Amino acid sequence: RREVPHPWIELESRWGAHNYHPLPVVIARGEGVYVWDDQGRRYLDMLSAYSAVSHGHAHPRLVRALERQARKLAVTSRAVHNDRLPVLLKRLCEVFGFDRALPVNTGLEAVETALKAARRWAYRVKGVPVDQAEIIAARGNFHGRSIAILGLSSEPDYRDGFGPFPPGCVLVPYGDAQALERAITPRTAAFLVEPVQGEGGIIVPPEGYLAQCAEICRRHRVLLICDEVQTGLGRTGRLLACQHEGVQPDGVVLGKALGGGLLPVSAFLAREEVMQVFTPGSHGSTFGGNPLAAAVALEALEVMLEERFAERAQTLGARFLSGLRSIDSPLIRAVRGRGLMIGVEIDPARVNARALCQDLLARGILTLDTHGSVLRFAPPLVIDAERIDWAVARIREAFEQRGC
Ligand code: PMP
């Protein structure tokens, strides 16, 4: 731990808005599963920028794709066509099984895109009276922090002081399909859900939940939209986490790892009937679908498939989970997760989550807690068994050191 003030941290604190509370470390370089701080100390990256760096840092194929395209053409806007975006759209639809795709930049934007699509679909296809559409979401969700999306949040910390929020937002308990069915009205446009809640604390719903939700949505003519910004692209052991239950939603939101850990790239993928609600001018973004982003995302998809991210996450995730479950500590309340999206819930009354993260940092592991009670472990999917075992040993030591 640093005693002396750090120049970069001081500078950021002086000139930046204090909208984050980072660990006191300055990361200066990354390669594969490792990052190095400005003092040259190496850390195993178990956070992966909240699952955005599934390909590992500076993946050579992605860096090459980025460089090649940057020299050729980076940004045009959608005022004209380019030769990378159409290929990406086709590939996205083929790989994930949808009819059409709409590219934007960040996860939040892609969620907004999905919400806009769902509302228009409700008016133009389902016949809901205009401006009356309702969207249902699950408590504990995280879909981003725009004002519209915060309307669906149950988290006071995110919402406090930022209202008023848009009407038509309905919340149900996560993991309770019957509650979803009870909340549906003739005005319901969509149910927006994370197949595993990420920021909410790595919450895995009961088995069969998503399949039941899909059945209920179909029966009531409500769109099922899965937010796979964090769970998608192999993270949980399938290309999409909803595939664990054989569910094909009406729409899916992708982001984070789609940019290969290099760029912000996101997309909303949907069935024809949903996507056709967008007409020229009704939605878009200057940078959405730019050739640089498209070239990198295309390569990111190919790397994901060729390097078998889903299978790796499945096998290594099981190994990681059983390793973590073998740690016998009174500080641990639960170990849960799917694939390489894992949470260790600690007892915040007995140990400070931040302090544990600092201990792990001192032992060469970079990660952060969510809500002060769940340590998150989501390494790049290019990690191997040896490094998983190494991490389990360091995590065990950190818990042993804290004793009790
Ligand atoms: N949806 C989910 C499930 C997320 O985890 C996140 C980010 N943590 C977002 C949406 C928002 O993505 P972004 O930060 O890229 O806007």
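**Questions on a predicted model**

Biologist: Of the 15 residues around the ligand, which come nearest?

Modeller: The model is a predicted one. Around its ligand there are 15 residues. Those that come nearest are T106, G107, L108, V229 and Q230.

Biologist: Which helix gives the largest share of the shell around the ligand?

Modeller: The shell divides into five nonpolar, seven polar and three charged residues. The largest share of this shell amounts to three residues. That share comes from helix α5, residues 107–126.

Biologist: Are α3 and α11 roughly parallel or roughly antiparallel to each other?

Modeller: The axes of helix α3 (residues 60–72) and helix α11 (residues 291–306) come within 9 Å and cross at roughly 155 degrees. Angles over 145 degrees count as roughly antiparallel. The two helices, α3 and α11, are therefore roughly antiparallel.

Biologist: How do the residues of the contact of α3 with α11 divide into nonpolar, polar and charged?

Modeller: On α3, the contact is made by R61, L62, A65, L66, Q69 and A70. On α11, P291, L292, A295, V296, E299, A300 and V303 take part. By class, the residues of this contact are 10 nonpolar, one polar and two charged.

Biologist: In the open sheet with the order β11-β12-β15-β14, which strands stand at the edges?

Modeller: Four strands form this open sheet, and their pairing is antiparallel. A strand at the edge has a single partner strand, so one side of it is left without a neighbour in the sheet. The edge strands are β11 (332–338) and β14 (369–370).

Biologist: Which residue in β12 does A334 stand opposite?

Modeller: Strand β11 pairs with strand β12 (residues 341–346) in the antiparallel sense, over six bridges. In β12, the residue opposite A334 is E345.

Biologist: At about what angle to β11 does helix α12 run?

Modeller: Helix α12 comprises residues 309–325. This helix lies across β11, β12 and β15 (374–377). Its angle to β11 is about 175 degrees.

Biologist: Are α12 and α14 roughly parallel or roughly antiparallel to each other?

Modeller: The axes of α12 and α14 are 10 Å apart, and the helices pack at an angle of about 20 degrees. Angles under 35 degrees count as roughly parallel. Helices α12 and α14 are therefore roughly parallel.

Biologist: Which residues in α14 do L316, R319, F320, G323 and L324 in α12 meet?

Modeller: Helix α12 passes α14 in a right-handed crossing. By class, the contact of the two helices has seven nonpolar, one polar and two charged residues. The residues in α14 that meet those of α12 are A385, I388, D389, V392 and I395.

Biologist: How are α13 and α14 placed, oblique or roughly parallel to each other?

Modeller: Helix α13 (residues 353–362) and helix α14 (residues 385–402) have axes that come within 10 Å and cross at roughly 130 degrees. Angles from 65 to 115 degrees count as roughly perpendicular and those over 145 as roughly antiparallel. The relation of α13 to α14 is therefore oblique.

Biologist: Which residues of α14 make the contact with α13?

Modeller: The crossing of α13 and α14 is right-handed. From α13, the contact draws on L356, D359 and L360. From α14, it draws on R394, I395, A398, Q401 and R402.

Biologist: In the open sheet β1-β2-β3-β13, which are the edge strands?

Modeller: Four strands form this sheet, with mixed pairing. Strands β1 and β2 (residues 34–37) run antiparallel and are joined by four bridges, whereas β3 (residues 42–45) and β13 pair in the parallel sense over two bridges. The strands that pair on one side only are β1 (27–31) and β13 (365–366).

Biologist: In the hairpin of β1 and β2, which residue takes a positive phi near 60 degrees?

Modeller: Within this pair of strands, I27 stands opposite D37 in β2. The hairpin has two residues between the strands. The residue with the positive phi is G32.

Biologist: Which residue has a positive phi of about 50 degrees although it is not a glycine?

Modeller: Most residues other than glycine have a negative phi. The residue in question is found in helix α2 (residues 48–51). It is S48.

Biologist: What kind of peptide bond, cis or trans, joins G163 and P164?

Modeller: P164 lies in the loop between α7 (156–159) and β6 (169–172). Most peptide bonds are trans. Between G163 and P164, however, omega is about 0 degrees, and the bond is cis.

Notes. Residues are numbered from 1 along each chain as its sequence is written. This is a predicted model: local features need pLDDT of at least 70, side-chain atom pairs count only at pLDDT 80 or more; totals for chains, interfaces and linings use all residues. Axes are lines fitted to C-alpha atoms, for helices over the stretch in contact, and angles run from 0 to 180 degrees between N-to-C directions. Two residues are in contact if their C-beta atoms, placed from the backbone, lie within 7 Å. Ala, Val, Leu, Ile, Met, Phe, Trp, Tyr, Cys and Pro count as nonpolar, Asp, Glu, Lys and Arg as charged, and the others, Gly among them, as polar. A residue is near a molecule or strand if its C-beta atom, placed from the backbone, lies within 6 Å of it. Two strands pair if DSSP finds at least two bridges between them. A crossing is left-handed if the near helix is turned anticlockwise from the far one by less than a right angle, and right-handed if clockwise.
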